[in-house]
Amino acid sequence: MVLYFSGTGNCLAIAKKIAAGTDERVMSLYEGAETDLSQEKVIGLVYPTYYFNAPAPVHELVKSLSISKDAYVFVVIPCGAQTGNAIWSVARILRSKGVSVAYCHKIRVPDCSAIGFGRDPNVQKWKFDKYAYRLAKIISDIRERRHAHHFGAWGLAGWLCSQPWMERKTQPLLQPAVNQSLCIGCGTCAKICPQENISLVGPAGGKQTGQGNETGSTALIGDKCAQCLRCVHFCPQQAIEIAGKPTLKQHQYHHPEIKLKDLL
Ligand SMILES: Cc1cc2nc3c(=O)[nH]c(=O)nc-3n(C[C@H](O)[C@H](O)[C@H](O)COP(=O)(O)O)c2cc1C
């Protein structure tokens with residue numbers, strides 16, 4: 001079973017490729033955390049790097065997994081450049097459950113957070129061709145049940161970023177917020193938020209469901225944001241912005257093989 005967490009589709013696309021190449025199935029980590037996986041002989045985790053660490057929901061979801069101590073466990077981390085502590089923080093959680101990670105590898109992909117710094121993630125699509133050989137090697141290693149840890153030496157950055165004072169400085173850098181003058185209340189963001197953290201607020205301030213109401217309601221982001229930036233990249237009005245900077249349509253990104261419906 002290959003479990004994934006994905007905002008803009010890089011991790012889902014890679015999880016799907018690994019699953020296809022190793023005859024495994026794909027499941028979201030959210031579903032995996034509510035499923036009895038104790039009979040699975042192979043467990044894969046594919047999740048992104050956020051701030052040189054694993055995304056906060058990944059830590060929480062991994063704590064809830066029910067997996068066998070005898071399973072062959074691998075971790076693959078798609079990242080823009082450096083994984084920092086993204087592997088080790090999760091390996092530690094698994095170790096506390098008596099499960100050890102047999103194999104881990106990072107793979108470089110377009111960095112969806114570039115949009116938050118006024119840059120276009122789409123210009124990084126060259127990484128798919130450049131690192132295709134690595135994904136092929138990862139798949140063949142997993143098929144052969146290899147034991148190896150391939151990681152970067154940026155653990156110090158990961159440790160630093162996970163310090164509360166540093167988190168307070170870094171997290172606002174990529175915090176999405178709704179520009180109410182652009183939002184038409186179509187509800188796309190509410191439907192696709194993996195944390196179910198976005199609701200539509202009606203003209204009178206009453207909460208509505210994400211059903212595409214275009215009568216003056218706007219989206220409201222709650223306090224469980226994972227900063228996956230899916231809402232920023234998929235908003236058809238470019239109404240979800242980061243740090244108050246306008247979101248440019250040409251900077252919106254998702255993995256080319258993953259469509260909106262795959263992420264619902
Ligand atoms: C909030 C945030 C923080 C990120 N921090 C890092 C980082 O520290 N190092 C890195 O290499 N990539 C970083 N990235 C890039 C993601 O790891 C990369 O785009 C990943 O492929 C996203 O996966 P997804 O498309 O499945 O959501 C960050 C992305 C986001 C949204």
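**Figure 1. Helices H3 and H4 lie roughly parallel to each other.** The close-up is taken from a predicted model. The two elements are H3, residues 56-64, and H4, residues 86-96, and their axes stand 9 Å apart at an angle of about 20 degrees. Because angles under 35 degrees count as roughly parallel, the pair falls in that class. The crossing of H3 over H4 is right-handed. On the H3 side the contact is formed by Val58, His59, Val62 and Lys63, and on the H4 side by Ser89, Val90, Ile93 and Leu94. Sorted by class, these residues of the H3 and H4 contact comprise 5 nonpolar, 2 polar and 1 charged.

**Figure 2. A salt bridge within helix H3 links Glu60 and Lys63.** The N to O distance between the two side chains is 3.2 Å. Glu60 and Lys63 sit 3 residues apart in H3, so about one helical turn separates them. Glu60 is partly exposed, at 46% relative accessibility. Lys63 is also partly exposed, with a relative accessibility of 46%. Lys63 appears in the helix contact of Figure 1 as well, on the H3 side.

**Figure 3. Helices H1 and H6 are oblique to each other.** H1 spans residues 10-22, and its axis comes within 9 Å of the H6 axis, with a crossing of roughly 45 degrees. H1 passes H6 in the right-handed sense. From H1, the residues in contact are Ile14, Lys17, Ile18, Gly21 and Thr22; from H6 they are Leu135, Ile138, Ile139, Ile142 and Arg143. The class count for this H1 and H6 contact is 6 nonpolar, 2 polar and 2 charged residues.

**Figure 4. Ala15 is a buried residue of helix H1.** The relative accessible area of Ala15 is 0%. Apart from neighbours within four places in sequence, the contacts of Ala15 are Val2, Tyr4, Val26 and Val46. Tyr47 lies 32 residues from Ala15 along the chain, and the C-alpha atoms of Ala15 and Tyr47 are 8.9 Å apart.

**Figure 5. Lys137 and Asp141 form a salt bridge in helix H6.** The side chains meet at 2.8 Å, N to O. H6 covers residues 132-143, and the two partners are 4 residues apart in this helix, so they are separated by about one helical turn. The accessibility of the partners is as follows: Lys137 is partly exposed, with a relative accessible area of 44%, whereas Asp141 is buried, at 2%. Asp141 falls in the buried class because its value is under 20%.

**Figure 6. Asp262 and Lys261 are joined by a salt bridge.** The N to O distance between their side chains is 3.8 Å. Asp262 is partly exposed, with 24% relative accessibility. Lys261 is exposed, and its relative accessible area is 61%. Elsewhere, salt bridges with shared partners connect Lys137, Asp141, Glu144 and Arg146 into one network. Over the whole structure, the search finds 8 salt bridges. Among them are the Glu60 and Lys63 pair of Figure 2 and the Lys137 and Asp141 pair of Figure 5.

Note on methods:
Residues numbered from 1 in each chain as written. Predicted model: local features only at pLDDT ≥ 70, side-chain atom pairs only at ≥ 80, totals over all residues. Heavy atoms only, no water. Axes fitted to C-alpha atoms, helices over the stretch in contact; angles between N-to-C directions. Parallel < 35°, antiparallel > 145°, perpendicular 65-115°, else oblique. Left-handed = near helix turned anticlockwise from the far one by under 90°. Contact = heavy atoms within 4.5 Å. Nonpolar A, V, L, I, M, F, W, Y, C, P; charged D, E, K, R; others polar. Salt bridge = Lys/Arg side-chain N within 4 Å of Asp/Glu carboxyl O. Buried < 20%, exposed > 50% of the residue type's maximum accessible area, 1.4 Å probe, protein only.
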